[in-house]
Amino acid sequence: MAAIESVLKENRVFEPSEAFQSTANVSGMAAYNALCEKANQDYEGFWGDLAQEMITWKKPFTQVLDESNAPFYKWFADGDLNISYNCLDRHLADKANKTAIIYEKDDGSSENITYQQLYERVCQFANGLKSLGVGKGDRVIIYMPMVPDAVVAMQACARIGAIHSVVFGGFSAGAVKDRVQDAAAKIIITANESVRGGKSAPLKVTVDEALKDGDCPSIEKVIVFARTDKEVAFDAARDIWWHDLIANQASECEPEWMNAEDTLFVLYTSGSTGKPKGVQHSIAGYLLGAMLSLKWVFDHKPDDVFWCTADVGWITGHTYIAYGPLAWGATQIVFEGVPTYPNAGRFWEGVEKHKVTTFYTAPTAIRSLIKLGADLPNQYDLSSLRLLGSVGEPINPEAWMWYYETVGRSECPIVDTWWQTETGSNMIAPLPGAVAIKPGSCTLPLPGIMVDIVDESGASVDQSNGGFLVIKRPFPSLLRTVWGDDERFKSTYFPEELGGNLYLAGDSAHRDENGYVWIMGRIDDVLNVSGHRLGTMEIESALVANPLVAEAAVVGKPHDVKGEAVVAFVILKGDRPEGEDAKRIAQELKSWVAHEIGKIAQPDDIRFGDNLPKTRSGKIMRRLLRTLAKGEEITADTSTLENPQVLEQLKQSV
Ligand code: PRX
């Protein structure tokens, strides 16, 4: 892959500036090394001290790590706390009037919410949930636009011990239904509609479709937030407006004191099978990871204005919007819109307007903004910025350099943060006052995160070789299991082939001569499209569910802006279509996938053949499909192919 080659040749290095280093939370390599050393010497003492220092406990823990039922690790297991208390109540003494959330609306207007106000909104809504009989351990689906109320809903669940499962607002009715069913959720919180980029999306209609025909019997109530004055169909027995629910609720709500290991949330993500898995996180370990990474990686300071552009439907929005910044009592932006509306200066205008200090976004957004206006940032005053972050996919050095020079004036360190839904918080990322940065590398692990790169047998590879990225010791913010599927948790993340005790991340990586980690890509059938994680099997299942389709295989191909694009090779039940017919059916299948999963999964390129390239034993040769998708000549040996003639057909995009 071209991107990987350019990454391999990268040799620019940027040391932390003296100015940045002088105020940094972790200043200089000696300080970074000392933290790593402490973790090496006394792993439990290291984590135990941090958990005591950062978290406010109702009942302190006495045991740090319990490995007796590995890989089902427990952290701080006899401690009690409430994460909402940690994010709200504990700030009221000195930060009640500090802005917690700057709600930057789609239309460009904004609204500030103080810690006191946020606390009251969370308490009221928590009381509302309680009035519907929601309590500890109940599952609540949140299918909301990017409004502060989505954060309120998450915090309110956490306050009463309910388990939230946020479903990204761009997902389809089918995706909502699958998640409701898997989690056996009792409540859905949604909105009449969302507003993004000047367009609205009918969230409530989608929920109605997900729940139709009695498909989701576990659902008792649907709470509907009125984002606009748009009227929607109401089922009087089931649906209730958010504002009616909270109308008479008290603005105080005693938090439910939870065990450290109780489940905070389940967030579904794609893996190598057709069915998304519910990544299950517990409370205390997750909170610690969120807080620690804000302090170390984002160098968080009390006066910062933090802006993470993610949606709360993804893990980044959970950790770096709904929980982490609030746990620190930070001021942050909740952005409802899209980077390109009303124009490609939207982010930069937001930075100028709110004097943002810390800006965290995805490479795909950066690449699209470069395309739409490489010099646009120069038209804004971005001098408030002091730190930039990147997440979700490898950032190509060209995009990195633009981000660094044009957005960051060559003064702001870039923290390229490698992590996953499963790890809960940043794992490999520079501590910006200590670690020198290189464009395209996520650099070094956080202290206490024991990263290694291994071969198929679980043995460490030599420095110059690539291999599987693993984490050798359990850490607090690691997922606890896959919701309802302990076996899948074990076999996916702690496979026996590697000895059963290494956390297998699912990425390949290599290290350079300084020990810096360079992520090369996924080792499984997971695609990364615009920073969104999509399983090829998921898209294949959606395609074959269409009555026209007999068989489908999906692969990725490199894409300038999205990182990867989805290519689907499709075999119809009838004859292979040609000309206008092929175009029409391809369009129909794209819309079908958008409807089955969501627009983000829609194939960019569909190709029809009489068959897929298979070996004589019937195995699909995906390697060949990847070559075809890229439009490259096939140089591999095709003599084991049952049907080499289909390769010509599958070269053609519709
Ligand atoms: O392949 C890695 C890529 O995104 C995957 C995790 O996706 P998800 O669970 O959706 O979480 C994304 C946000 C944390 C990883 O397995 N990835 C994430 N961050 C980076 C990355 N690849 C390269 N560099 C990164 N900084």
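**Close-ups of the annotated positions, the ligand shell and helix 15**

The UniProt annotation "binding site", from an unreviewed entry, takes in Arg196, Gly197, Gly198, Lys199, Thr316 and Ser530. These positions run over 335 residues of sequence, and they are spread in space too, with up to 23.9 Å between C-alpha atoms. Keep in mind for every panel that this is a predicted model.

**View 1. Gly197, one of the annotated positions, sits in a loop between two strands.** The loop in question links strand 9 (194-196) to strand 10 (199-201). Is Gly197 buried or exposed? Gly197 counts as buried because its relative accessibility is 17%, and the cut-off for buried is under 20%. Leaving aside residues up to four places away in sequence, Gly197 touches Asp106, Val338 and Tyr341.

**View 2. Ser530, also on the annotated list, is in the loop between strand 26 (526-529) and strand 27 (532-535).** Ser530 has a relative accessible area of 21%, so this residue goes down as partly exposed. The cut-off is what matters here: buried means under 20%. Again skipping residues up to four places away in sequence, the contacts of Ser530 are Thr364, Glu393 and Lys562.

**View 3. The ligand is surrounded by 17 residues.** Closest to the ligand are Asp416, Thr417, Thr421, Arg522 and Arg533. Sorted by class, the shell has 6 nonpolar, 6 polar and 5 charged residues.

**View 4. Here are some N and O pairings between protein and ligand, one of them with the side chain of Asp416.** An N or O atom in that Asp416 side chain is 2.7 Å from a ligand nitrogen. For Gly392 the backbone does the job, with an N or O atom 3.2 Å from a nitrogen atom of the ligand. The side chain of Gln420 puts an N or O atom 3.0 Å from a ligand oxygen. On its own the ligand would expose 540 Å², and the protein buries 94% of that. Which elements give two or more residues to the shell around the ligand? They are helix 13 (315-327), strand 20 (414-417) and strand 25 (517-522).

**View 5. Helix 15 (residues 363-373) is mostly covered.** Of its 11 residues, 8 are buried. Those buried in helix 15 are Pro363, Thr364, Ala365, Ile366, Arg367, Ser368, Leu369 and Gly373. What do the buried residues of helix 15 pack against? Their partners are helix 14 (346-354), strand 18 (358-361), strand 19 (387-391), helix 16 (397-407) and strand 29 (563-572). Thr364 also turns up in View 2, where Ser530 touches Thr364.

Definitions and conventions:
Residues numbered from 1 in each chain as written. Predicted model: local features only at pLDDT ≥ 70, side-chain atom pairs only at ≥ 80, totals over all residues. Heavy atoms only, no water. UniProt positions renumbered as here; feature names shortened; annotations may be inferred. Helix = DSSP H or I, 4+ residues; strand = E, 2+ residues; numbered from the N terminus. Buried < 20%, exposed > 50% of the residue type's maximum accessible area, 1.4 Å probe, protein only. Contact = heavy atoms within 4.5 Å. Near = heavy atom within 4 Å. Polar contact = N/O pair within 3.5 Å; in protein donor to acceptor, adjacent residues only side chain to side chain. Areas by Shrake-Rupley, 256 points an atom, 1.4 Å probe, with all protein chains shown as cover. Nonpolar A, V, L, I, M, F, W, Y, C, P; charged D, E, K, R; others polar.
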